[in-house]
Structure formats: C-alpha cells, structure tokens
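Reader: Hey, could you take me through one part of this structure up close? I'd like to look at the spot where the ligand sits, and then at the charged pairs.

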Amino acid sequence: MSTPPSARLEALRLHGAIPRHIAIIMDGNGRWARERGLARPAGHQAGARAVREAVEGALHAGVEVLTLFAFSHENWQRPQAEIDALMALLEEYIAKEAAELRREGVTVRMLGDLDRLAPSAREAVDRIEAHTAGGARLALNICLSYGARAEIVRAARRLAERVRDGALDLDAVTEANFATELYTAAWPDPDLLVRTSGEMRLSNFLLWQVAYAELHVTPVLWPDFGREDLYEAILDFQGRDRRFGRVTA
Ligand code: IPE
Ligand code: IPE
Ligand code: MG
C-alpha cells in the first residue's frame, strides 16, 4: 500500500466515476507459460501474483467490488494434474494472503459450486471467508467451480421452491427477486468487465449480471496484468457513453 499513486491513477481520479464493481476473466496463464517454455502450472503460479496486483489496484482506485473468474465449471474437464496444481495454488494463496487481505479491509467470498472442491480446498475457502468477514473497503469475490448457466438454473430452482412452498407469489417472480437468488445478490452488477489475453468471449461468466457492463478486452496475458492495466481499463470505461437503452441528452 506504499506505492506512490501513478499518473494513470491520478488521471482516473480526476476524470470521472470509478466503476463500483469490476469483474475480470483472468485468462492467458497457459500461453504465458508456453511463451517461456514452462509447464502450464507455472503460468497459474504467476497468475496468482497478478491477483495481488489487481486487488491492490482496486483498493487504490476505490473500487467497491472486484469479482475474479478463477476456475470455471468447464475447467473441471482439464487434465487432473492441472486441476490439482490449481487447487494447490488456491490453498497456497489463501494461506499466504488471508492475513494481509483482512488487514486491508478486504472481504473475500468464493462463489460457485464449492461442493465439488476437495475437503482441504473447501476448508481453506471456509477459513478465508471467516477470517476476512466484515472487511469494509473491498468485496473480493472469487468465482471458483463457477458457471453462469448453472448459477441461473440454481436461482430458478430456489425461486420455484419458494413458490411451491407458498412463500412467494408467482407474480412476485421479477428480475429483482430472481437476482436475490444469484451468488452475487449482495452486490450491484458489474459496471466493467475485463478479459485478458485478447479472447472476445464470456466463457459462461456472470451472464445475467453483465447485461449492461462495459467490456474491456486487453491482449495482456493475465500473469503480466498489473495495477496499471487495471487503471487503463478504468480510463477506457470512463470514456464510454452508458445509455442503458435510452438516448443521451
Ligand atoms: C486462465 O488461464 C486460468 C484458468 C482458466 C484456470 P488459462 O489456463 O485458460 O490460460 P490459456 O487460456 O490456456 O492461455
Ligand atoms: C475462462 O477461461 C475461465 C477462467 C478464466 C477461469 P478459459 O480459458 O477456461 O475459457 P475458454 O476455454 O478460452 O473459453
Ligand atoms: Mg484460457
């Protein structure tokens, strides 16, 4: 937290509104490793360091919510050795970062089908959530074993149960009520969605929540993504004309 504010950070503070919620698809670890002749897990290791950068950048910029896509529902189809390496890194990240995140006022939540995690990973997740609960500066959501379609179906089932049990009137099945059953119920929708490594797709991430997010795709591979890249994305966001379907005056 002692790095002096950069010129970009100054510019974006002067320039306009800071997005309250930034979501990031952290992509390109494998390509980063391949470019260096390393195995894919080395890319994931470097990617974990970039998470620290993104969190620091979000804290400096005054972002309220940062939601990171760390491991998708579809990523369970990767080779077991890569999955094992990713899960080991998750546990390592939690062991290393929990105390500092708590000190900095970051509340960590893990969003996704956590029942699929191995017991030790699940315990680590519970540990960091308990340890950081109540942090008031930044909500850090890490999407893990996460798929947006699965999240939407889960929400539909939960609403249907409430209707079936007589707890909710069918007329009360509204967009707002639906959103209360999503993992992200506690937070406003992302204002800005960033994807690294140049891929122009959503890969089943936050499909409901990004309905009106501004998109920023950068060719930077995730392990090379630093806080300056986050500021660059925010500056790009500040230049957008958000119309939400209306016309501008
Ligand atoms: C993102 O990097 C991390 C995860 C999806 C877990 P990738 O592992 O997808 O890296 P590329 O896309 O193969 O370069
Ligand atoms: C999306 O990246 C998932 C995460 C960043 C965790 P992928 O690398 O899995 O997505 P695709 O396969 O390129 O769509
Ligand atoms: Mg990828």
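Author: Here's a walk through the ligand site first, followed by the salt bridges. Keep in mind that this is a predicted model.

Let's start with where ligand 1 sits: the space it takes up is the largest pocket. Two elements give two or more residues each to the shell around ligand 1, namely helix H2 (29-35) and H3. The largest share comes from H2, with three residues. If you want to find the shell on your screen, look for Met26, Asp27, Gly28, Asn29, Gly30 and Arg31, then Arg40 and His44, and finally Ala70, Asn75, Arg78 and Leu86.

Now zoom in on the backbone there. A polar backbone atom of Gly30 is 2.8 Å from an oxygen atom of ligand 1. For Asn29, a backbone N or O atom lies 3.1 Å from an oxygen atom of the ligand, and for Gly28 the corresponding distance is 3.4 Å. How much of ligand 1 does the protein cover? Of the 380 Å² of accessible area that the ligand has on its own, 87% is covered by the protein.

Two of the shell residues, Asp27 and Arg31, also bring us to the charged pairs. Asp27 forms a salt bridge with Arg31, and their closest N and O atoms are 3.4 Å apart. Is Asp27 buried or exposed? Asp27 counts as buried, because its relative accessibility is 16% and the cut-off for buried is under 20%. Arg31, at 24%, counts as partly exposed. This pair doesn't stand alone, either: Asp27 and Arg31 are linked with Arg195, Glu199 and Arg201 in a network of salt bridges.

Step back and you'll find 26 salt bridges in the structure. One of them joins the side chains of Glu228 and Arg8, at 2.7 Å from N to O. Glu228 lies in helix H8 (residues 227-238) and Arg8 in helix H1 (residues 7-15), so this pair ties together parts that are 220 residues apart in sequence. Both ends are partly exposed: Glu228 has a relative accessible area of 30%, and Arg8 comes in at 32%.

Helix H8 shows up again in another pair. The side chains of Glu53 and Arg227 meet in a salt bridge, 3.0 Å from N to O. Glu53 lies in helix H3 (residues 40-61) and Arg227 in H8, so here the tied parts are 174 residues apart in sequence. Glu53 is partly exposed at 25%, whereas Arg227 counts as buried at 15%.

How values were computed:
Residues numbered from 1 in each chain as written. Chains lettered and ligands numbered in written order. Predicted model: local features only at pLDDT ≥ 70, side-chain atom pairs only at ≥ 80, totals over all residues. Heavy atoms only, no water. Salt bridge = Lys/Arg side-chain N within 4 Å of Asp/Glu carboxyl O. Helix = DSSP H or I, 4+ residues; strand = E, 2+ residues; numbered from the N terminus. Buried < 20%, exposed > 50% of the residue type's maximum accessible area, 1.4 Å probe, protein only. Near = heavy atom within 4 Å. Polar contact = N/O pair within 3.5 Å; in protein donor to acceptor, adjacent residues only side chain to side chain. Areas by Shrake-Rupley, 256 points an atom, 1.4 Å probe, with all protein chains shown as cover. 1 Å grid on protein atoms, 1.4 Å probe; cavity = no way out; pocket = protein on both sides within 12 Å on 5 of 7 lines; lining within 4 Å. Sits in = over half its atoms within 2 Å of the grid points.
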